[in-house]
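Okay, thanks everyone for coming. Let me put the structure up, and then we'll walk around it together.

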Amino acid sequence: MMEQKYEEEIQMLQQEIETLEAEQEETLRSIFIEHGDRLQRELTSVCDERGGAQKHALSKLITEVRELEKNLRRQTEINGIALNECLVKTLHKSERKLVQQLRLAGHCSALLFQVEFAVTEIQEDDALLRRVTELNIVVDGVEFKDFSAFVSRVEDTKDLLLFFRTLRTFSDRCEERRQTFQHFQEKYPDVVSLPEGCRSELMIIRSPQLPGISMTIFWKIDVSMAGVVKPSLELLLKMPDQAREFDTKKVMENGPEYFQSLLRLLGVEASIESLIRTASDATSLVKVFARVSQVC
């Protein structure tokens, strides 16, 4: 008897649920019929606003990225330094102190470099104190042997600004040397040789007519501990005995000194050009140095 009563109540509840669902569906249908156009417009407007905001934000972000890329290219053109990697890691952060470790990698002309350092910021009253610690520098390139002593000095002093400023100047001087060596090798391939490549400091000038004659130019780039970059050129002469018969004033003995005078008078490229043009004639070379000795 009780089971039958429960079954009847369950059926009644199911009927009420079905009736309510039907009424809800009818109510929604009536609302849509009466207000459907206005609801559609409102929904479209909301979607458009959201989509428009997203499109506007995306457009703004693209513009900012392009501007940043433009500024980066401009900075690269100005300072000659291009960064390929920049990583920042926070080692310590408190209300008064921030310690971050940074790694920068890139190139300046043909010189590749990687710099790792830590920056400590300490807030004292209204002043923010910042200093560089734990500086490590790696420079890759055949030119590095002229730069290594300076890099060691910078690592000791933690003068990061001096490093980047000097790196640009040093790189420019290396590029000038490379271009000059390459120019003369291409212009005089039978006379000029670069046994260690155009980026090295060595150029050899040999006479095709007189195999015993050679002139070796050592073009070093000196960097002082203060970051002053200065090119240094030296000449080493090798002449056969028969050529020395024309050297009555011992010009060949003083050739390296006269070459320095030639550099001061004509400059680097013109001086090297003069040596190359006289390489096939020992007498002409002696006469050139003799005239320089008279001028000096």
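So, a starter: which residue in β2 does E85 stand opposite? The partner is A105.

Before going on, some housekeeping. This is a predicted model, where local features need pLDDT of at least 70 and side-chain atom pairs count only at pLDDT 80 or more, while totals for chains, interfaces and linings use all residues. Residues are numbered from 1 along each chain as its sequence is written, and side-chain values use heavy atoms, with hydrogens and water left out.

Now the overall view. The chain has seven helices and eight strands; those are DSSP runs, H or I of at least four residues for helices and E of at least two for strands, numbered from the N terminus. Out of 296 residues, 30% count as buried. By buried I mean under 20% relative accessible area, with exposed over 50% and partly exposed in between, using a 1.4 Å probe and protein chains only. The chain exposes about 19,800 Å², and carbon and sulfur atoms supply 52% of that; the areas come from the Shrake-Rupley method with a 1.4 Å probe, and for residues only the protein chains shown count as cover.

Back to the sheet we started with. It's an open sheet of four strands in the order β1-β2-β3-β4, with antiparallel pairing. Pairing here means that DSSP finds at least two bridges between two strands. The edges are β1 (81-93) and β4, and each has a single partner strand, so one side of each is left without a neighbour in the sheet. On average, neighbouring strands of this sheet are turned by 15 degrees against each other, direction ignored.

Let's look at the pairs. β1 and β2 run antiparallel and are joined by eleven bridges, and they form a hairpin with three residues between them. β3 and β4 are also antiparallel, over twelve bridges. If you want a spot to click on there, T120 has R131 in β4 as its bridge partner.

On to the other sheet. What is its strand order? It goes β5-β6-β7-β8, again an open sheet of four strands with antiparallel pairing. The edge strands are β5 (192-193) and β8 (229-238), each pairing on one side only. Strand β7 (residues 214-223) pairs with β8 in the antiparallel sense over ten bridges, and K220 has S232 in β8 as its bridge partner.

Now please find helix α3, which covers residues 160-187. This helix lies across β1, β2, β3 and β4, running at about 155 degrees to β3. α3 also lies across β5, β6 (202-206), β7 and β8, at about 165 degrees to β7. For those angles, axes are lines fitted to C-alpha atoms, for helices over the stretch in contact, and the angles run from 0 to 180 degrees between N-to-C directions. Contact, by the way, means heavy atoms within 4.5 Å.

What about the inside? The largest nonpolar core has 26 residues, and V115, F147, F163 and F164 touch the most other members. A nonpolar core is a set of buried Ala, Val, Leu, Ile, Met, Phe, Trp, Tyr and Cys residues joined through side-chain atoms within 4.5 Å. α3 gives the most to this core, with seven residues. Apart from it there's another core, of 19 residues, including Y188 and M203. As for F147, leaving out residues up to four places away in sequence, its contacts include F163, F170 and V223.

A few single residues to finish. Is Q182, in helix α3, buried or partly exposed? Q182 counts as partly exposed because its relative accessible area is 26%. Beyond residues up to four places away in sequence, Q182 touches L194 and C198.

K187 is in α3 too, and it counts as partly exposed, at 43% relative accessibility. The side chains of K187 and E273 are joined by a polar contact of 3.1 Å. That term means a pair of N or O atoms within 3.5 Å; within protein, one must be able to donate a hydrogen and the other to accept it, and residues adjacent in sequence count only if both atoms are side-chain atoms.

Last stop: E201, in the loop between β5 and β6. E201 counts as buried, at 16% relative accessibility. Again leaving out residues up to four places away in sequence, E201 touches residues including K145, R177, W219 and K220.
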